[in-house]
Structure formats: structure tokens, C-alpha cells
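Open the model in your viewer and keep the sequence panel visible. The stops below each begin with a selection to make.

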Amino acid sequence: MDLLECRNKLDVIDKQIVKLFEERMDICGKVAETKIASGKAVYDAEREKQKLDAVSAMADSEFNQVAVRELFSQMMSISRKYQYSILAEHGRAMKLGFERLDKLPVEGVRVVHQGVEGAYSHAAAIQYFGKNAEIYHVARFEDAMKEVQLGNADYAVMPIENSSAGAVIDMYDLLTRYDNYIVAETFLPVNHALLGVPGAKLSDVKTVFSHPQALMQCSTFLNDNGLKQISVENTAVAAKRVVEEGDKSQAAIASEIAGQMYGLELLKPSIQNNQGNTTRFVILANRKVYQKDAGKISICFELPHTSGSLYNMLGNFIFNHVNMMMIESRPIPGRNWEYRFFVDIEGNLQDAGVKNALRGIGAEAQNFKILGNY
Ligand SMILES: C=C(O[C@@H]1C=C(C(=O)O)C=C[C@H]1O)C(=O)O
């Protein structure tokens, strides 16, 4: 057989496959209708397992057994997505429990951040809520989460991602453990300065204090100058410590504003590796609300440790034309080598495609949570 002959034969076979595929999907539509009537869930893991075992056993070669398994697992995933869309058409869309607001209330609110006055979180809070908001601080990220959950603060302003150092991992874990939701975000340009005690010169400095993220973001400068690094809670604490100890060999990495607040000398401005360095802060509230023009959704979910599970889950976005913006994975505490995934997608909780994709993930993944739409 030459190439042309082979291709002609493939065309005939493919035509049959498409016809059979469409017949199969038609029946899946009928299955969805029975499920609407009976209230049975779309996803039936046991039935799918039996089906995969049965069809792969029908193939002869080992290669084809694996291939048929893959092919059918894809087909069943497509079938489920189709079924979810039929359920949605019949008004059986998943209840998300989020309230839509015209505008987030920002007048007369209480806002909490982690760290001390002059920390970048403080600057982000002022950037979003303005100088007149009632802004206060607590020692740890978790304390800020609690303040919001208990209603002592209306909002918390927390760093979640830096353009050069990546995710602020503590935040991801806290978002799953507390019933707080992301209602907005703000981007703060971060300029790190090296700050010393009055009268010190750059050549005097041997040890530098700062938050681990800031140290990481200035690694080139620190390594080039052979400086010893010590991690502290935040950049403002570093500035305070340098002032209090009054030792010329010690410096802090913090904002120039923190330097002015604590009376430190600017030894070198803008020492970060990346000059466009920016931190993304999220605004958290203890209510499931979103603004009507919100365009980004953050979710998290856990998956079984099986091949293709993430691929299948992300298929929910592909088939609903939802654009994925970010994915991050974090180990699940106490379950070695199993991961929780954090995904940001474009869209609003009102969009039909978004609702459909979230329904699929909600039904098929474990511990699914919508972290917010903002
Ligand atoms: C079609 C069904 O719904 C889902 C899709 C399946 C399929 O496409 O074969 C199998 C099981 C379910 O997860 C069904 O329940 O039979």
C-alpha cells in the first residue's frame, strides 16, 4: 500500500469513527436526561473504571491496550462535559453561593495587614483603600486571616505573588484553611533599598536583615557583595532591628519609606534583581461576594495520584473555552507526594462556560474551593 492508498483507507475509517462518536454522544445526552430525572451524579467513577478495563482488554497489543484506555478516558471526560452543559440548560447549574455586588464597600472599613507600619503590605493597603481607611497590623499572616474571619476587620491585604520570587506559599495554605475569599487584588511596585544606621557606609556592612522574599529578590546584590543574610518576619522589623542595635556592620533591606520612618540611612536604592519587581496583593473578606465586572477567578482542588488526573481536570477549561492564567501546586500536609492545585482563570461567575467548567471540576476533584472572583 502506498501513502495515498493508506490515507484513503484512514479517511473511510475516520468517517465511521466520527459517526460512532456522534451516536455515542447522543446516548450520553439521553443519560444526562435520566440523571436530571433521578438526581444521580454525572460522574460515576466505578462505571468508568469498569469501562476502561473492559475496552482495553478488547485490544490485542500491549501498546493498543494502553492507547484504548487513554482514548476512552478522554471520550468519557468529553461525555461528562457535555452532560454538565445539558444539566445547566435545564436550570441545574451548580449553586456557587456567591453574591454579586455592584461595587465592593470601601467607605469606613477596617483593614488589617501583617507586619508593622511601613511594611509593603501597609503600602498596598493604602494603595487600595486610601490613606483615610482605618488600617491596623498584626504579627502573622494567620493572625490577619483570623481577624477577617472573626469580623474584627472587614478586609485583609495579603501578598500572594511576586514577579521575580514567585508565590508567597504560606498564603496558599492559609486560603484553604480559612473561610475567607479573595474580593480584589492590587499590584504594588516593590523597590528594595539597603538601609544602614546613620553614618554607616556600604563598605561597613557585613550582615543584612530582611524578609526571606526580599532577600531572595536581592540575591544578586547580596551575593556580589558577599553579605551574610538573616531572615526576619518582615522588612519593617528588619529596619527596626538595625536601628535598635545601632551597629554599622548591620543593614536592612526594606522600602525607602520604611528607612525614613525608622531614621535609617539610604546606603543603596533599588537593589532588587529585577527592576520591574512587583508584588500582587489580594484583598480578603469573610463573605462570598464578587463585583459584577470581576474578570478573574481563583480556585483550588486536590487530585488523586493517578496518571492523567490533572490533564483531565484541565480539560474542563478547554471544552468550555476558559482561559487559564496561572497554576501552582502545593504539597498536601500529611500526604506525601500528593498535591493541591491552585488555578486562576479568566472570567466571571456569571459566565455559562465558567459555571460549566467549575461544575465539572467541583464534581470530579476533591476538596474543591472557589477562592474568589475579582
Ligand atoms: C455516560 C455516563 O456518564 C459518565 C460518562 C461515562 C461514559 O461516557 O461512558 C461513564 C460514566 C459516567 O461517569 C454514564 O453514567 O453511563
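Helices (H or I, at least four residues) and strands (E, at least two) are DSSP runs, numbered from the N terminus. This is a predicted model, in which local features need pLDDT of at least 70 and side-chain atom pairs count only at pLDDT 80 or more, while totals for chains, interfaces and linings use all residues. Residues are numbered from 1 along each chain as its sequence is written.

**Two loop residues**

Select Ser270, in the loop between strand E11 (265-268) and strand E12 (278-285). Ser270 is not a glycine, yet its phi is positive, about 45°. Ser270 has 14 other C-beta atoms within 10 Å and is partly exposed; a residue is buried at 20 or more such atoms, exposed at 12 or fewer, and partly exposed in between, with C-beta atoms placed from the backbone.

Go next to His321, in the loop between helix H11 (309-318) and strand E15 (324-332). His321 also has a positive phi, near 55°. With 12 other C-beta atoms within 10 Å, His321 is exposed.

**The ligand shell**

Show the ligand, then select Cys28, Val31, Val42, Tyr43, Asp44, Arg47, Glu48, Lys51, Met76, Ser79 and Arg80, the residues around it (C-beta atom, placed from the backbone, within 6 Å). Helix H1 (3-38), H2 and helix H3 (62-89) each give two or more residues to this shell. By class, the shell has five nonpolar residues, one polar and five charged (Ala, Val, Leu, Ile, Met, Phe, Trp, Tyr, Cys and Pro count as nonpolar, Asp, Glu, Lys and Arg as charged, the others, Gly among them, as polar).

**Helix H2**

Select residues 45-58, which form H2. The number of buried residues among its 14 is zero, so H2 lies largely in the open. Its end C-alpha atoms are 20 Å apart, which agrees with the 20 Å expected at 1.5 Å a residue (1.5 Å times one less than the number of residues).

**Annotated spans**

Colour residues 110-286, where UniProt, in an unreviewed entry, places "domain: Prephenate dehydratase". This span is 33% helix and 33% strand, and its end C-alpha atoms lie 13 Å apart. Then colour residues 298-373, placed by UniProt (unreviewed entry) as "domain: ACT". Here the chain is 30% helix and 45% strand, with end C-alpha atoms 7 Å apart. Such annotations may be inferred rather than shown by experiment.

**Leu284**

Finish at Leu284. Outside its neighbours within four places in sequence, Leu284 is in contact with residues including Val148, Tyr155, Asn180 and Val183 (C-beta atoms, placed from the backbone, within 7 Å).

Conventions
Contact = placed C-beta atoms within 7 Å.
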